[in-house]
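Trainee: Please take me closely through one part of this model: chain C and the two chains that touch it. I would like the contacts, and the sheets behind them.

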Amino acid sequence: MSPTFEFDGAEIAARDGQTIAGALIASGRASWRTAAGAERGVFCGIGICQDCTVTVNGAAGVRACLRTACDGDVVEPESR
Amino acid sequence: MRVVVVGAGVIGAASALALARAGAEVVLVDRAGIAAETSSRCEGNVLVSDKGADPAVRPEAELAIASNAMWRSLALELDAERGDGPATELEAKGGVVVAFPQGAAPLTAFAEGQRSIGIRAEVVDGAALRALEPHLSPEVELGVHYPDDAQVQPSLATQSLASAAMRRGARLVLAEVTAARMRGGRIVGVETTSGAIDADAVVLCAGPWSGEAAARLGARLDIRPRRGMILVTTAMRQRVFHKVYDADYVGAVGSADAQLQTSTVVESTPAGTVLIGSSRERVGFDDRPALAPIEAIAAKAVRLFPFLAETQLLRTYAGFRPYAPDHLPVIGEDPAVPGLFHASGHEGAGIGLAPATAELIAHHVLGSATALDPAPFLPGRASLAEVAA
Amino acid sequence: MSRRHVVVLGAGPAGLAAAVAALEAGARVTVLDEGERLGGQYWRHHEAITDRRLQHGWERFERSRDRIAAGIAEGRAVLLQRAAVWRVDVEPLRLHALVGKPDAPGRRRVVVRGDALVLATGAHDRALPIPGWTLPGVTTAGAAQALAKRDGVTVGTRTLVAGAGPFLLPVAQSLAIAGARVVEVLEASRLPRHAAGWTARPWELAAAAGKGLELAEYARSLLGQRTPYRTGSGVVRILGERRVEAAVVARLDRAWRPIPGTEREVACDSVALGHGFTPRLDAAIQAGCALTEAPPGSPRFVVADPDQRTSVDGVWAAGEITGIGGADAALAEGDLAGRSAAGTPHAALAAARRRRDRTDAFARRLEAHAIQDGWSSWLEDDTLVCRCESVEAAAIVRASGSASRALRLATRAGLGACQGRTCGSSVEALCGERLGLDARPLLAPMRIGELLGGSEATA
């Protein structure tokens, strides 16, 4: 079963068990957050750097590299 | 005239500037550096809202009113001197003290007293309150708006005060003061870990460590630490627009109770984080991150602003607030050691009270003019002697 | 048989070894780990996704996992996964954790009590700041590894791997297996050919490490891709508008200063950086464990006695937090720590200590890859050093050297979302002093609401 989630209005299909970051990368995206106007994506990949955070189902600051994508998740990009 | 100022927190830095401006040769001595302790572990409050009109505390209210006005002109001057960026980040955003249903009557009575001594304090409710703070809990019924409450970035402001003093000839010495140099019963300098410094006067601004430092200088001063814990959130879209407190704040500062006390103080910073304070505990100089105060602060903050429940915490930190047994600042010459002046015991209000305190110090040390009344804060005052005895 | 309750923080090689050893010694064991699956970074995996060629020592992992499962079945082991430990108290011993989906609001708040604690919190990659390193497409070497293993993806298709240390090799191999072309592997250190036993050729390096087979495999896969492995070289600038388009590579001198005139541009769409590792000391520092001394910018480690005891009663440490030594050292230290924490007396641990001591040689050889001071000379004034708060190098350098904690705080370097975990060592190196950024009151991100409503206690 492959979960599908919404990202910034687009439907993203993830492999079962993939993280949100993994699925976003697989969809061809390298960045999904802005910091001081510049684009950011995964940097540390293991939950340390906070660069890849997204808002998931309304909760901000979710590390996309740690969070497994779930069917029906609504994921939004962040900026700070 | 040479003056040694011991302690480079906000009180020491402001005093150094005031003394240098009045023509003294100033040596600022600190064991750790500028704003190394309390002045970088606090919210940067420049408040009038928490100052009551009761006779026992009214002198501090008057000092706060004067100091609040001084900060505004001082911030402009420091900005102009620095030139390449804000020197204090003074934000005159105003404060809103709010009451839950049972607390409305005491708060409005408190505000009425404040108005009688010249503090602007406007009762707001309903739509007016929501217009000030749209994200407040619906539980909150009434608030008092204090347009004159302000905040500075405390460590930056302290640095700017010290830099301004140094531009006027003050010198910074990184050393720990170990003893007084005495001659003819008068203090004539200090011994430090990097040598002796002669002086015509010594001003002790060591915050919560002032009692210990006074003892090294042969004086007796009862100043104790009270720990305050503060929570810091991650940066976010601004949803808190003033300094917002619950009405318990006044009780916590004025209390002699050793037990943990908290009252909520919530505010945004220019960096986008939200600061949530603050607890008061008498636990000595224990700065380990304690659990009970952060849980208590968190609960109260969420009650005030429900959206905070989903907000991420970045860190917590502890700072020590110096207080005197009668909860008034101690400013003036030591009754037993001529030439030694104290400026401490500001208890969590040191940032706000720094400019007025510095003016009083310049008055005591150099005889500079002041419109402030120095009498209530003198170290020899009766209320301090009684408690100490 | 021991009747102690041993709590193990971290389920990488060190933590798993500790848990298994403590179970063998008869203790009750609780393992807390932030991951969804056991294994830590070294054995990071997903059953349906991970290419088995990316896993090393997998049988050891399976044995450990099965032993813990057996412990659970016997009622002697408890496993708390997806457990973000945000606070450690040692008197009495209490671990405060939030259990649930990472960073989700309203996770279950759990307090774990125990008689002994084994800290096995591991390390994360350290990446030095480089002009352009915030561009999308630049990741740590560990991220490249994790994405390849756990998610089966690579950030780009032409990747430059750069940094220092033999761990760059498995990263390059993972990238290759996951489908990227590794254009070059750049090792900043000029490896001494004679003194420490390293050579410029990775397969010999591998043999010297006593891990011949494993590292020789890496070397072969690099050769298969015709990937050059260059020592004394590094990335000094990363180019691109909205993502990586190329990198400037230069020869580095012994101090890691770029040698003028040696710069060349390498086309790539991704860069994986790993200049060694930063031990994850947050929990050890909060527990009050003594650390080794080191100059600002260099890692400190938990001081451990011959049986892996820390300076704090009832607290043991194992793995990368006691010194970067790789998985074999972590396994050996974890085994020793687990036995000792379970109450096995010192005299009965001689064999375990010998196994641990045999892994020292590899750790010592890693010293040849230590970060050298000259790296800061590839910074530009406007290079972002603190990624979270976008603080430029020049601002940090300006604030350093003064007597002012105030100025350093005012830059906000190290005060952002990651709390200095990414830039802290670099900021301290640039300031020339320790700033205490690693003393973190909260060990993991949490939401304010998660502090409310009490917690569920476990025995």
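Mentor: Here is a walk through the two interfaces of chain C, with the sheets of the partner chains. The model is predicted, so local features need pLDDT of at least 70 and side-chain atom pairs count only at pLDDT 80 or more, while totals for chains, interfaces and linings use all residues. Residues are numbered from 1 along each chain as its sequence is written, chains are lettered from A and ligands numbered from 1 in the order in which they are written, and side-chain values use heavy atoms, with hydrogens and water left out.

Start with chain A. Contact means heavy atoms within 4.5 Å. On that rule, 42 residues of chain C touch 34 residues of chain A. Together they bury about 3,200 Å², with 54% from carbon and sulfur atoms. Buried area is the accessible area (1.4 Å probe) that two parts lose on being put together, summed over both.

This interface holds 3 salt bridges. A salt bridge is a side-chain nitrogen of Lys or Arg within 4 Å of a carboxyl oxygen of Asp or Glu. R242(C) and E39(A) form one through their side chains, at 2.6 Å from N to O. There are also 15 residue pairs in polar contact, both residues at pLDDT 80 or more. A polar contact is a pair of N or O atoms within 3.5 Å; within protein, one must be able to donate a hydrogen and the other to accept it, and residues adjacent in sequence count only if both atoms are side-chain atoms.

On the chain C side, β9 (138-140) and α3 (141-151) each supply at least two residues. Helices (H or I, at least four residues) and strands (E, at least two) are DSSP runs, numbered from the N terminus. The largest share, 6 residues, comes from α3(C). By class, this side has 19 nonpolar, 11 polar and 12 charged residues. Ala, Val, Leu, Ile, Met, Phe, Trp, Tyr, Cys and Pro count as nonpolar, Asp, Glu, Lys and Arg as charged, and the others, Gly among them, as polar.

Chain A has an open, mixed sheet of 5 strands, in the order β2-β1-β7-β5-β6. Two strands pair if DSSP finds at least two bridges between them. β2 (10-13) and β6 (59-63) of chain A are the edges, each paired on one side only. Within the sheet, β1(A) and β7(A) run parallel, joined by 2 bridges. F7(A) faces V75(A) there.

Now chain B. Here 29 residues of chain C are in contact with 35 of chain B. The pair buries about 2,600 Å², 63% of it on carbon and sulfur atoms. The count is 1 salt bridge. Its side chains belong to E295(B) and R109(C), 2.4 Å apart from N to O. On the chain C side, β4 (83-90), α12 (405-411) and β21 (446-447) each give two or more residues. α12(C) gives the largest share, 5 residues. That side divides into 17 nonpolar, 6 polar and 6 charged residues.

Strand pairing crosses this interface too. β17 (312-323) of chain B runs antiparallel to β21(C), with 2 bridges. Q312(B) has R447(C) as its bridge partner.

Chain B also has an open sheet of 6 strands, β8-β2-β1-β12-β19-β18, with mixed pairing. Its edges are β8 (171-174) and β18 (330-333) of chain B. β1(B) and β2(B) pair in the parallel sense over 5 bridges, and V6(B) stands opposite V29(B).
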